[in-house]
Amino acid sequence: MNSVIEMVSFKLAAGVTEQDFMAAVARSQTAIAQLAGFQYRSLSYNAEQQRWTDIYYWQSMTAAKAADEAFMSSEDCQALIALTDKDSVVMQHQEVHFSSCDSAE
């Protein structure tokens, strides 16, 4: 079974500072790292479009979908959700077919 990436692209809500946002990211990571199937996460920023992209790697699509539900109900993730512009959120899941992180078989 292939790993799955979950890509969530969004803008911050009006008036949110990067400092406040990064504090919320750190708090959410505590909860996310404990979810079944979590592998790792990266966060990037496109200054030209003023969009953030949060990328999560999961062991399977089942783990990714279960994590979505847990994320939305997690108290540790609520601060992060509150700082995003909900109308700008774009989420997608994709199966990984190659990764340079895979060990040689």
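**Exercise 1. Find the strand that holds Trp52, then decide whether Trp52 is buried or exposed.**

Step 1: Look up the position. In this predicted model, Trp52 is found in strand S3.

Step 2: Check the accessible area. The relative value for Trp52 is 7%, and the cut-off for buried is under 20%. Trp52 is therefore buried.

Step 3: See what surrounds Trp52. Skip the neighbours within four places in sequence, and the contacts of Trp52 include Val8, Ser9, Phe10 and Leu12, then Glu18, Phe21 and Met22, and also Leu43, Ser44 and Tyr45.

Step 4: Compare chain and space. Trp52 and Lys11 are 41 residues apart along the chain, yet their C-alpha atoms are separated by 6.1 Å.

Step 5: Zoom out to the strand. S3 covers residues 51-58, and 7 of its 8 residues are buried, so the rest of the structure largely encloses S3.

**Exercise 2. Work out in which order the 4 strands stand in the sheet, and which strands stand at the edges.**

Step 1: Start with one partner of S3. Strand S1 (residues 4-10) runs antiparallel to S3, and 7 bridges join them. For instance, Met7 has Ile55 in S3 as its bridge partner.

Step 2: Now take another partner. Strand S2 (residues 38-46) pairs with S3 over 8 bridges, in the antiparallel sense. Here Ile55 turns up again, as the bridge partner of Ser42. Further along, Asn46 stands opposite Arg51 in S3.

Step 3: Look at the link. S2 and S3 form a hairpin with 4 residues between them, and Gln50 in the turn has a positive phi of about 55°.

Step 4: Put the order together. The open sheet reads S2-S3-S1-S4, with antiparallel pairing. S2 and strand S4 (90-95) are the edges: each has a single partner strand, so one side of each has no neighbour in the sheet. From one strand to the next, the twist averages 15°.

**Exercise 3. Say which strands helix H1 touches, and why its buried residues lie on the same side of H1.**

Step 1: Place the helix. H1 (residues 18-32) packs on the sheet and touches S1, S2 and S3, with its direction at about 170° to that of S2.

Step 2: Check the length. H1 has 15 residues and spans 20 Å from first C-alpha to last, close to the 21 Å expected at 1.5 Å a residue.

Step 3: List the buried residues of H1. These are Phe21, Ala24, Val25, Ser28, Ala31 and Ile32. They cover an arc of only 115° around the axis, which puts them on the same side of H1.

Step 4: Recall a rule about helices. An α-helix has 3.6 residues a turn, so residues three or four places apart point the same way.

Step 5: Find what they meet. The buried residues of H1 pack against S1, S2, S3, H2 and helix H3 (75-82).

**Exercise 4. Find where Phe71 sits and what Phe71 touches.**

Step 1: Phe71 belongs to helix H2. H2 (residues 61-73) lies across S1, S3 and S4, running at about 155° to S4.

Step 2: Phe71 has a relative accessible area of 17%. The limit for buried is under 20%, so Phe71 counts as buried.

Step 3: Leave out residues up to four places away in sequence, and Phe71 touches Ile32, Tyr56, Cys77, Gln78, Leu80 and Ile81.

Step 4: For contrast, try Val16. Phe71 and Val16 are 55 residues apart in sequence and 21 Å apart in space, C-alpha to C-alpha.

**Exercise 5. Identify which element gives the largest share of the largest nonpolar core, and how helix H3 joins in.**

Step 1: Pick out the hubs. Of the 21 residues in this core, those touching the most other members are Phe10, Phe21, Ile32, Tyr56, Trp58, Phe71 and Leu80.

Step 2: Trace the elements. S1, H1, S3, H2 and H3 each give two or more residues to this core, and H1 gives the largest share, 5 residues.

Step 3: Note the other core. A second, separate one has 5 residues, among them Ile5, Ile55, Tyr57 and Val96.

Step 4: Turn to H3. Its buried residues are Cys77, Leu80 and Ile81. They span an arc of only 100° around the axis, which puts them on the same side of H3. The buried residues of H3 pack against H1, S2, S3 and H2.

Step 5: Follow Leu80. Beyond its neighbours within four places in sequence, Leu80 contacts Phe21, Ala24, Val25, Ser28, Arg41, Asp54 and Phe71.

Terms used:
Residues are numbered from 1 along each chain as its sequence is written. This is a predicted model: local features need pLDDT of at least 70, side-chain atom pairs count only at pLDDT 80 or more; totals for chains, interfaces and linings use all residues. Side-chain values use heavy atoms; hydrogens and water are left out. Buried means under 20% relative accessible area, exposed over 50%, partly exposed in between (1.4 Å probe, protein chains only). Two strands pair if DSSP finds at least two bridges between them. Axes are lines fitted to C-alpha atoms, for helices over the stretch in contact, and angles run from 0 to 180 degrees between N-to-C directions. Contact means heavy atoms within 4.5 Å. The expected span of a helix is 1.5 Å times one less than its number of residues. The arc is that of the directions from the helix axis to the C-beta atoms. A nonpolar core is a set of buried Ala, Val, Leu, Ile, Met, Phe, Trp, Tyr and Cys residues joined through side-chain atoms within 4.5 Å.
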